[in-house]
Amino acid sequence: MPVVKETRARSLLKILGWHSIATSTTITISYLYLNDIAVATEIGAIDLGVKLVMHYAYERAFSGIEWGLIT
């Protein structure tokens with residue numbers, strides 16, 4: 001089986017899908033704790049921005065590692 005590498009577009013789509021779930025969770029927990037939707041949304045937005053950048057960098061770095069792939 002040939003080594004398959006993930007495209008940037010696929011990495012980005014996976015990241016956006018996951019972070020839509022994760023951000024909804026962050027906003028919900030923040031709202032339940034603070035009882036303030038404006039602050040909860042702000043926390044979610046900040047969380048999303050930081051984690052999107054970090055996650056994309058992680059995915060791209062990991063996609064260059066062939067360890068654990070069966071060829």
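In the predicted model, glutamate 59 is buried, with a relative accessible area of 16%. Its side chain forms a salt bridge with lysine 14, in which the closest N and O atoms are 3.7 Å apart. Lysine 14 is partly exposed, at a relative accessible area of 40%. The pair joins distant parts of the chain: lysine 14 belongs to helix α1 and glutamate 59 to helix α2, with their positions 45 residues apart. Because the limit for a buried residue is 20% relative accessible area, glutamate 59 at 16% falls under it, whereas lysine 14 at 40% does not.

A search of the whole structure returns 2 salt bridges. Besides the pair formed by lysine 14 and glutamate 59, aspartate 47 and lysine 51 meet through their side chains, with an N to O distance of 3.0 Å. Aspartate 47 and lysine 51 are both in helix α2 and lie 4 residues apart, so about one helical turn separates them. Aspartate 47 is buried, with a relative accessible area of 16%, while lysine 51 is partly exposed, with a value of 42%. In general, side chains of opposite charge can pair when their charged atoms come close.

Lysine 51 also takes part in the surroundings of histidine 19, a residue of helix α1. Histidine 19 counts as buried, at 6% relative accessibility. When residues up to four places away in sequence are left out, the contacts of histidine 19 are Leu48, Lys51, Leu52 and His55. Lysine 51 thus appears both in the salt bridge with aspartate 47 and among the contacts of histidine 19.

The largest pocket holds about 240 Å³ of space. Both partners of the salt bridge between lysine 14 and glutamate 59 are among the residues that line this pocket. The rest of the lining is made up of Val4, Lys5, Glu6, Arg10, Phe62, Ser63, Ile65, Trp67 and Leu69. Helices α1 (8-34) and α2 (37-63) are the elements that give two or more residues to the lining. The largest share, 3 residues, comes from α2. By class, the lining of the largest pocket has 5 nonpolar, 1 polar and 5 charged residues. Serine counts as polar, so Ser63 is the polar member of the lining.

How values were computed:
Residues are numbered from 1 along each chain as its sequence is written. This is a predicted model: local features need pLDDT of at least 70, side-chain atom pairs count only at pLDDT 80 or more; totals for chains, interfaces and linings use all residues. Side-chain values use heavy atoms; hydrogens and water are left out. On a 1 Å grid over the protein atoms alone, a cavity is a set of points where a 1.4 Å probe fits but cannot get out, and a pocket is an open set with protein on both sides within 12 Å along at least five of seven lines; lining residues have an atom within 4 Å of a point. Grid points are joined across faces, edges and corners, and a volume is the space filled by probe spheres set on the points. A salt bridge is a side-chain nitrogen of Lys or Arg within 4 Å of a carboxyl oxygen of Asp or Glu. Buried means under 20% relative accessible area, exposed over 50%, partly exposed in between (1.4 Å probe, protein chains only). Contact means heavy atoms within 4.5 Å.
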